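Me: I would like to learn how to read a few features of a model. Please take them one at a time, with the general idea before the case.

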Amino acid sequence: MEGMLKPGSLKDRTIIITGGGTGLGRSMGKYFLELGANLVITSRKKDVLDKSADELMKETGGKVLAVTCDVRKYEEIDNVIKTTEATFGQIHGVLNNAAGNFISPTERLSHRAFDIVVDIVLKGTYYTTLAAGKNWIEKKQPGVFLNIVTTYAWTGSGYVVPSACGKAGVLALTRSLAVEWAKYKIRSNAIAPGPFPTEGAWSRLLPGELVEKFDPAQRVPLKRVGEHQELANLAAYLMSDYSAYVNGEVITIDGGEWLRNGGEFSHLETIPETMWDMIEKGRGK
Ligand code: NAP
């Protein structure tokens, strides 16, 4: 899978990615760098961030700033914004990608466990959005928000209920501010990825033998998981001026997974051709 956009499509753009040191955040960041962006990656683990920043700079030749930040702490986000401006000048885009999640029957969760996930996903996203948005508005600068949600932001899902609540809130935030802040030339969009293998998601959502028992690819009509570059292509497009008229949209990139699992008769894909022959005969012409 190759990069989709023209070289230089994000030249001299400064983009902050929360949770940018690992997984999908890192992959999207790498492509932004390849397209000429300056990158700021933030998360709680300094060692992980510093290692990723070094590797990304070596891999792409771009500039990466690593700033430790817990998105649940407003003053730490403010610090990311100030440090970014001191290093690169104007900020052009913010990718709200940091999240926490794990599987559990809801009745087994303490209220604190529920809080932790909702705080990272929802509070973390609206704190980051408020801090960056107020800064853009005050300085009369345009900006782009891109928020990573999930398809169960609108369907809901058992066993990941705090995450579903948080992501649904992030989607509401995306659509609300797309309208309210358009007058400031601030766009807001979201991406809802299906299964994309990452160490973080796989270890928390498919621990132990679950990965063999519930192969995520089998839930997808295309019978495969996503490639990171496919997501990076979409994210770069939504960050770039090519999507200047896309605002308030959530784009699903899941190989058809959520529609397949919502379709009442989708499971009939398991019926073999010979059985379809019999069914057709039984129905008569
Ligand atoms: P990941 O590698 O575990 O990414 C999560 C990131 O969030 C980590 O870098 C983590 O870093 C950071 N983070 C967690 N708590 C934080 C906090 N309080 N403050 C700041 N950063 C924090 O998993 P991923 O699969 O790449 O997920 C990335 C995004 O894609 C998430 O929004 C996830 O919901 C979404 N998504 C993923 C999939 C998939 O199949 N992979 C599918 C749908 C949606 P630290 O631990 O260092 O803080």
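Me: Which residues of the largest nonpolar core touch the most other members?

Reply: In soluble globular proteins, nonpolar side chains tend to be buried together. A nonpolar core is a set of buried Ala, Val, Leu, Ile, Met, Phe, Trp, Tyr and Cys residues joined through side-chain atoms within 4.5 Å; buried means under 20% relative accessible area, exposed over 50%, and partly exposed in between, with a 1.4 Å probe and protein chains only. Here the largest core has 32 residues, and those touching the most other members are Leu10, Met28, Phe32, Leu39, Leu95, Ile191 and Met239. Helix H9 (228-239) gives the largest share of this core, seven residues. Helices (H or I, at least four residues) and strands (E, at least two) are DSSP runs, numbered from the N terminus. Apart from this core lies another, of 23 residues, including Val80, Phe145, Leu173 and Leu177.

Me: What should I know about the numbering and the model itself?

Reply: Residues are numbered from 1 along each chain as its sequence is written. The model is predicted, with local features needing pLDDT of at least 70, side-chain atom pairs counting only at pLDDT 80 or more, and totals for chains, interfaces and linings using all residues, while side-chain values use heavy atoms and leave out hydrogens and water.

Me: How many aromatic pairs are there?

Reply: A pair of aromatic rings is described by the distance of the centres and the angle of the planes. Rings of Phe, Tyr and Trp (its six-membered ring) pair if their centres lie within 6.5 Å; planes under 30 degrees apart count as stacked, over 60 as edge-to-face and the rest as tilted. The count is five. Tyr126 and Tyr127 make an edge-to-face pair, 5.6 Å centre to centre with 80° between the planes. Phe145 and Trp181 make a tilted pair, at 6.3 Å and 35°. Phe145 is in strand S5 (residues 143-148) and Trp181 in the loop between helix H6 (161-180) and strand S6 (186-193), so this pair ties together parts 36 residues apart in sequence.

Me: Are Phe145 and Tyr126 buried or partly exposed?

Reply: Phe145 is buried, at 1% relative accessibility, whereas Tyr126 is partly exposed, at 33%.

Me: Where does helix H11 lie?

Reply: None of the 11 residues of H11 (residues 273-283) is buried, so this helix lies largely in the open. Just after H11, Gly284 has a positive phi of about 75°.
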